[in-house]
Amino acid sequence: MTGRCQWMFAVIVGVAACDGAHLRRAEREDSEAAYLRYLAQHPGSPNAAAAHTRLDQLRFDTARRADRPLAYRRYLELHPRGRHVAEARERLASLALARARDAAGLELVVEHHAGTAQASQASRRLVEARLRAALA
């Protein structure tokens with residue numbers, strides 16, 4: 001190897017070692033902040049996909065612990081193609097259905113959560129509520 005090739009090889013090996021060390025540090029800390037820091041330092045790293053996957057999981061776990069609409073919406077905003085999108089949408093629909101106290105609330109569930117089992121259930125309940133109102 002020429003001097004320049006040796007130098008370039010040393011730089012590449014050094015960058016890879018630094019990347020690995022930073023990833024291990026993020027894994028030890030295992031927090032959203034640690035993985036964000038890692039991804040900011042090594043956005044094009046071969047390990048970036050693993051960091052993104054872990055970040056997705058950590059954020060979904062946070063949403064699940066909070067179990068509030070805002071938390072699930074934040075997860076969906078940050079991870080529109082994340083591993084837990086379907087589960088987050090289902091939980092959002094369940095929370096909305098649980099809060100629906102009248103026809104207007106049921107209509108919102110049908111409108112905002114179309115395609116979910118909860119929207120189908122809200123639609124059935126809405127039909128029943130309208131039928132009862134018409135018969136009364």
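Start with Tyr-75. Tyr-75 is buried, at 1% relative accessibility. Keep in mind that this is a predicted model.

What does Tyr-75 pair with? Let's take the aromatics together. The whole structure holds two aromatic pairs. In one, Phe-60 and Tyr-72 are tilted, with 6.4 Å centre to centre and 55 degrees between the planes. Phe-60 sits in helix α3, residues 48-66, and Tyr-72 in helix α4, residues 69-78, so this pair ties together parts twelve residues apart in sequence. Phe-60 is buried, at 1% relative accessibility. Tyr-72 is buried too, with a relative accessible area of 2%.

Now the other pair. Phe-60 and Tyr-75 meet edge-to-face: 5.3 Å centre to centre, 70 degrees between the planes. Again Phe-60 is in helix α3 and Tyr-75 in helix α4, so the pair links parts that are 15 residues apart in sequence. Put together, Phe-60, Tyr-72 and Tyr-75 make one aromatic cluster.

Next, empty space. How many cavities of 30 Å³ or more are there? The count is one. The largest cavity has a volume of about 40 Å³.

Who lines the largest cavity? The residues are His-22, Arg-25, Ala-26, Ala-34, Arg-37, Tyr-38 and Gln-41. Helices α1 (3-29) and α2 (32-41) each give at least two residues to that lining. The largest share, four residues, comes from α2. By character, the lining divides into three nonpolar, two polar and two charged residues.

To recap: one aromatic cluster of Phe-60, Tyr-72 and Tyr-75, and one cavity of 30 Å³ or more.

Methods. Residues are numbered from 1 along each chain as its sequence is written. This is a predicted model: local features need pLDDT of at least 70, side-chain atom pairs count only at pLDDT 80 or more; totals for chains, interfaces and linings use all residues. Side-chain values use heavy atoms; hydrogens and water are left out. On a 1 Å grid over the protein atoms alone, a cavity is a set of points where a 1.4 Å probe fits but cannot get out, and a pocket is an open set with protein on both sides within 12 Å along at least five of seven lines; lining residues have an atom within 4 Å of a point. Grid points are joined across faces, edges and corners, and a volume is the space filled by probe spheres set on the points. Ala, Val, Leu, Ile, Met, Phe, Trp, Tyr, Cys and Pro count as nonpolar, Asp, Glu, Lys and Arg as charged, and the others, Gly among them, as polar. Rings of Phe, Tyr and Trp (its six-membered ring) pair if their centres lie within 6.5 Å; planes under 30 degrees apart count as stacked, over 60 as edge-to-face and the rest as tilted. Buried means under 20% relative accessible area, exposed over 50%, partly exposed in between (1.4 Å probe, protein chains only).
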